[in-house]
Amino acid sequence: MNEEDKSPTAQDTPRARGPRKTEKETRESHTQLVLPGDVLPPTVHLLPLTERPFFPGQVMPILVSEEQWLETVKQVGEAPHRMAGLVLLKGDTNEASPESFYSIGTVVRMHNPGRQHGQIQFMAEGIERFRIHEWVTQEPPFVVQVEYPPTLKEDTNTLKAYGVAIINTIKELLPLNPLYAEELKVFLSRFSPNEPSPFADFAANLTTASKDELQDVLETAPVLPRMEKVLVLIKKELQVARIQAELRKGVQDRMTDQQRKFFLKEQLKEIQRELGISKDDRTAQLERFHERLEALHVPEGPRKQIDDELEKLSVLETGSPEYAVTRNYLDWVTSLPWGIYSEDKLDLNIARAVLDRDHDGLGDVKDRIIEFLAVGVLKGEVAGSIVLLVGPPGVGKTSIGRSIADALGRKFYRFSLGGMRDEAEIKGHRRTYIGAMPGKFVQAMKSLGVANPVLMLDEIDKIGASYHGDPASALLEVLDPEQNADFLDHYLDMRFDLSKVLFICTANQLDTIPGALLDRMETIHLAGYVTNEKVEIARHHLWPKQLARAGVKRSQVQITTAALRHIIEGYAREAGVRNLEKQLGRIIRKAVVELLNGAKPPVRTGVKEVESYLGKPLFRQERPVTGVGIVTGLAWTPLGGATLDVEATRIHEQQRELKLTGKLGEVMRESAEIAYSYITSNVEAFHGDAAFFDSASVHLHVPEGATPKDGPSAGITMATALLSLARGERIKRPMAMTGELTLTGRVLPVGGIREKVIAARRNKLMELILPDANRRDFDELPQYLREGLKVHFVRQYPEVQAIAFQSAA
């Protein structure tokens, strides 16, 4: 500090000198002696502040830019009072202009100005508030005329009350932040707590309030309103400080607790090591693997491999990648059910009861399953068997598999093969790959915990192939009773016995299943349901299931048998019952809405209500189409059986030709050409016009042209349609037929007899023509399907035309 700063004027504090006077007050009291430092100047030079305002009584260093404010600092230093005005800039701007300054600031005395690194630093001592009255200069250095607020008399008791409140709040702040104590010491060294104005400014400056809030306090000259605002700010500061203290304490407690646990664990390890009972992670894992092996019956070969892996694990470093691979491998192989089997319930009466409980109809299918289980009862075990359930969607293939597992008392596991394209899904990945895992069969064994579960392989006809391999070929080993006793998974790299597993596969059709795979399975066909069967299924299974799903009691929503039959025939004619279940769910939801709207239970659903709930029927009862050149055939589809009307007509007689439409497949087009050739060569023998086809352009069409159709079973149907056209005579009575035709007139057997018979019954066609070779298939049908049908079995086509064109007896 230079000599000028050491003068009494520079060192005196406001507390030592008392209140300063303006020049007007000095002239009025000219008889008294007044020092230059006690006079507040009417004009001051302005310096800007950007972060927060400066309060009277505050002492702290100030930094300003040398480039902009050097001239201002020089002029202030040359003035006898060495005072300048510090005023906060508005908003976020750093550019000083008359418009950017607030109107109220603090006059300060400048001490020890100095320059360094392009900045000017000086110690500022806050003296008094002022208001800018008039701008003397509009450019730096800014000079303004100022006014100082007068001293007002206020209620001493109220001021004292606010002062005590602020002091108490500051006392609460002191333990939370030691910096507050240091600032309080500085204040008490210069002022008395009984001076309310400096004390209010000190308390405001103590807070971390925003610049706008602090500027508001600075602009409030009356002490009482100022103390009210300061009390609010100091209370907010106390809340923030408490939250910070709680957070700090929480973090410190967590760190202390973690350190404590760490030290205790280390001490425990040391104690265990001294007592000889310490176990590291590797030792604990090895013991766990050995405990698992004691409860298993592992064959000699796999046991030797496991022992080798255990020995390797015992010498590997726990941080090495190979240690993790070996540990995971041992976890898998010791979790498999080596030699663990569940006990079978070999009781045919129980098996029949379970099948009858879970399924209505399917009598022939149940008989096949009982026959299959009977062999197991005789042998004492059901093992080494692979069953394939084939049928349309929704006929109960998956649920039958679950019923078989329940009947045997075995655990059940199902996974879908549909869309599977990677061989590793079946036989696992080799351990050399990152993230390698065993295949689905080994995963199922580990999940179930027994080596003789019932495994269902769903959608085996939809398995795919890609560059990753052919999963269907990988299944050959699994589904071969001669090989699956030594099934080799790539991940395990050891043999596992799957011969006790009962495999049940499901498929919608057989065409896409490789022959070698199909040869390994015993096929059981599930055809569609007739109306009576669907009614029983709906009453006993689907309706209660949908009621339970909706949370509705039987007494609240009811449906009549006639309504069920109407739904089946008008909305759900497919072979299965999946769509029927959806329609019943829709009806229950509609009924629930009525209940919630105030309808009185029970809500009954009859035939009329069905149409109001579901709309007009999708299917209507149509009589078979009859006419010259029109014959009804029977077809099989993956969704069940269907009737097929074949239509033939002569377009013109200008040239001989056969035109085929209806999106026919290659085999079906060949059947049409065979039928055309056979009929044209034998038309006269069948009482037709011998010259009919010589110049006729014949168009043969199979309706529903958007539906692809293929197969040879419509051969006799197309031949009969052509013969009807040539004879100009319609079929004498409603009937349907199916059979493959050869060029010599032989009628060959076809497949899907059950589905075709069901389709005929559904359409009220009770007279059928079938190939004689399919007599056995028809005789195996349940009695309720054969009842009321008149079936003609034929070997040669002349028998077909004789039946079709003869009058009813």
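What covers the buried residues of helix 13? The cover includes helix 14 (363-379) and helix 15. The model described here is predicted, and this report begins with helix 13 before turning to backbone details elsewhere in the chain.

**Helix 13 and its surroundings**

Three residues of helix 13 are buried: A351, V354 and L355. Around the axis they span an arc of only 95°, so they sit on the same side of helix 13.

Helix 13 covers residues 348-358, and helix 15 covers residues 397-408. Their axes approach to within 9 Å and cross at roughly 145°. This crossing of helix 13 and helix 15 is right-handed. On the helix 13 side, the residues that meet helix 15 are A351, V354, L355, R357 and D358. Their partners in helix 15 are S403, D406 and A407. Sorted by class, the contact between helix 13 and helix 15 consists of four nonpolar, one polar and three charged residues. A351, V354 and L355 thus appear both among the buried residues of helix 13 and among the residues that meet helix 15.

The N-terminal end of helix 13 is capped by D347. A side-chain oxygen of D347 lies 2.9 Å from the backbone nitrogen of N349.

**Cis peptide bonds**

Two peptide bonds are listed below with their omega values and places.

| Bond | Omega | Place of the second residue |
|---|---|---|
| P140 to P141, cis | about -5° | P141: loop between strand 7 (119-135) and strand 8 (143-147) |
| P601 to P602, cis | near 0° | P602: loop between helix 22 (578-596) and strand 17 (603-605) |

**Positive phi values**

N112 is a residue other than glycine with a positive phi, near 50°. N112 belongs to strand 6, which runs over residues 104-116. Is N112 buried, exposed or partly exposed? N112 counts as partly exposed because its relative accessibility is 35%, and the partly exposed class lies between under 20% for buried and over 50% for exposed.

D493 is not a glycine either, and its phi is positive at about 55°. Where is D493 found? D493 is placed in the loop between strand 12 (487-488) and strand 13 (495-496). With a relative accessibility of 45%, D493 also counts as partly exposed.

Definitions and conventions:
Residues numbered from 1 in each chain as written. Predicted model: local features only at pLDDT ≥ 70, side-chain atom pairs only at ≥ 80, totals over all residues. Heavy atoms only, no water. Axes fitted to C-alpha atoms, helices over the stretch in contact; angles between N-to-C directions. Helix = DSSP H or I, 4+ residues; strand = E, 2+ residues; numbered from the N terminus. Left-handed = near helix turned anticlockwise from the far one by under 90°. Contact = heavy atoms within 4.5 Å. Nonpolar A, V, L, I, M, F, W, Y, C, P; charged D, E, K, R; others polar. Buried < 20%, exposed > 50% of the residue type's maximum accessible area, 1.4 Å probe, protein only. Arc of directions from axis to C-beta. Polar contact = N/O pair within 3.5 Å; in protein donor to acceptor, adjacent residues only side chain to side chain.
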